Amino acid sequence: MGKRHIELTQDMLRPKYSGLDDTGSSLIELTVDLDIFRDNLKTILEYVRPARVIAVVKANAYGFGVAGLVPVLNEFEHVSAGVANADEALELRSLGYDGRIVLLGYTHPKNYYQIIHSGCELCAYRPENIPKLAEACAALEHNLRLHIKVNTGMNRLGVAVGELRELIRLIRHYPQLTVVGLFTHMANGGEPEADSNLQQVNRFHEAIGIAIEELHYRPECHLANSGTVINFPDMYLDSVRVGALCYGYHPPGDLPDDIGIPVTACFQLASEVIDLHRLEPGEGVSYSLTWQAERPVTVVTLPMGFADGYFRDLSNNAEVLINGRRYPLVGNITMDYCMACVGDDPVEIGDEAVFIGRQGDEEIRLEDVAAHSGEAVIYQLSSCWSRRVRRVYVGGVGEA
Ligand SMILES: Cc1ncc(COP(=O)(O)O)c(C=O)c1O
């Protein structure tokens with residue numbers, strides 16, 4: 001038998017946003033509406049004015065695909081980008097983002113040269129790293145703008161308020177280093193009643209006082225994430241750092257349904273029916289047969305599994321929309337597939353299946369899926385959509 005000759009076009013060989021060569025074989029599409037994303041940024045800017053916005057686009061923009069969002073981010077003068085680590089900062093630069101990038105998390109000294117060279121602003125909190133930063137700056141003949149991260153109670157990263165004065169004095173010793181920002185992160189911003197909020201804010205105000213005394217100017221102060229923006233309008237300070245609100249979902253916490261900021265989910269996650277089976281009463285579905293039919297029903301197969309980021313915890317505990325109706329997922333979610341029971345309804349192979357988004361009059365929100373999954377917070381769900389999920393961008397660019 002002769003070998004089949006396949007001609008690969010340049011387009012087939014070009015890597016796409018998802019990170020996989022996109023042959024179109026993945027039937028899971030995450031559609032991101034750039035017009036909605038832009039409107040959300042405008043809404044947040046308006047809402048927190050005169051504070052500015054640091055859009056948090058770490059973890060591949062929470063899973064929505066940072067590459068597709070860069071053109072919209074580039075439209076805004078008063079929006080900068082916040083990332084978690086050096087790779088994300090450099091990726092953003094290589095994608096053509098020309099705004100300000102603030103590295104909000106830990107950077108290993110081995111990455112100092114690249115970060116300084118890329119012109120990003122860096123988070124600082126450990127005194128022993130300051131001379132290393134200054135040395136790298138001197139070698140590159142570059143200056144570096146720093147945001148000091150203060151630990152006010154989250155106890156993850158940051159300098160203690162009692163050690164801030166010494167840290168600033170140390171930094172001021174090096175002319176290549178300038179403190180441009182001072183920030184902290186809230187442990188409970190989504191919970192308006194939590195006592196820790198007031199304690200953290202008070203500590204941060206103490207830190208701001210120390211910084212002004214030592215620097216003789218006020219650095220850009222920022223503390224509020226999405227939950228804090230919703231709950232504490234007097235805590236916007238000079239900038240807010242928001243992720244969830246930019247993408248249009250509600251951060252976790254004790255929040256009213258109407259959060260007061262009219263942002264809209266900018267994404268839909270959908271696939272299609274690829275197989276179906278008629279089951280008799282007592283027949284089960286998937287590994288361990290954890291679900292059994294109680295009457296004759298049709299079960300459809302959807303190409304969405306835990307390797308795509310649809311967690312196994314959602315087994316027997318999530319829904320999907322097909323032809324405008326809601327159906328339960330049944331049986332264990334497997335690596336590549338999940339199944340839904342459609343009863344006697346006339347569902348066909350190729351019918352669209354919406355996991356998150358709207359179909360007809362029905363809607364499944366990411367918040368609902370997170371609520372069902374027990375353990376998974378909303379952020380975990382979106383940031384774990386894997387590279388098998390095709391990111392598709394709709395809407396215009398250059399329209400801010
Ligand atoms: C330091 C920092 N700031 C801001 C944010 C944004 O949080 P949110 O998505 O809740 O707005 C995060 C997210 O985890 C963060 O780690």
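The protein chain has a mean pLDDT of 92, and 92% of its residues reach 70 or more; pLDDT is the predictor's confidence in each residue, from 0 to 100. This is a predicted model, in which local features need pLDDT of at least 70 and side-chain atom pairs count only at pLDDT 80 or more, while totals for chains, interfaces and linings use all residues. Residues are numbered from 1 along each chain as its sequence is written.

Over residues 12–19 pLDDT stays under 50, and the model has 14 contacts beyond four places in sequence for this stretch; a contact requires C-beta atoms, placed from the backbone, within 7 Å. Where pLDDT is low, the predicted coordinates should not be read in detail.

The ligand is surrounded by Val-56, Leu-104, His-185, Asn-225, Ser-226, Gly-227, Arg-241, Val-242, Gly-243, Ala-244 and Pro-251, the criterion being a C-beta atom, placed from the backbone, within 6 Å of the molecule. At least two residues of this shell come from each of helix H10 (226–231) and strand E10 (239–242). Helices (H or I, at least four residues) and strands (E, at least two) are DSSP runs, numbered from the N terminus.

The axes of helix H8 (residues 161–172) and helix H9 (residues 195–215) come within 10 Å and cross at roughly 25°. H8 and H9 are therefore roughly parallel to each other, a term for angles under 35 degrees. The contact involves Val-161, Leu-164, Arg-165, Ile-168 and Arg-169 of H8, together with Arg-203, Glu-206, Ala-207, Ile-210, Ala-211, Glu-214 and Leu-215 of H9.

The table gives both groups by class; Ala, Val, Leu, Ile, Met, Phe, Trp, Tyr, Cys and Pro count as nonpolar, Asp, Glu, Lys and Arg as charged, and the others, Gly among them, as polar.

| Group | Nonpolar | Polar | Charged |
|---|---|---|---|
| Contact of H8 with H9 | seven residues | no residues | five residues |
| Shell around the ligand | five residues | five residues | one residue |

Two backbone features remain. The peptide bond from Arg-49 to Pro-50 is cis, with omega near 10°, and Pro-50 lies in the loop between helix H2 (34–48) and strand E2 (52–56). Ala-61, although not a glycine, has a positive phi of about 55° and is placed in helix H3 (residues 58–62).

Methods: Axes fitted to C-alpha atoms, helices over the stretch in contact; angles between N-to-C directions. Parallel < 35°, antiparallel > 145°, perpendicular 65-115°, else oblique. Contact = placed C-beta atoms within 7 Å.
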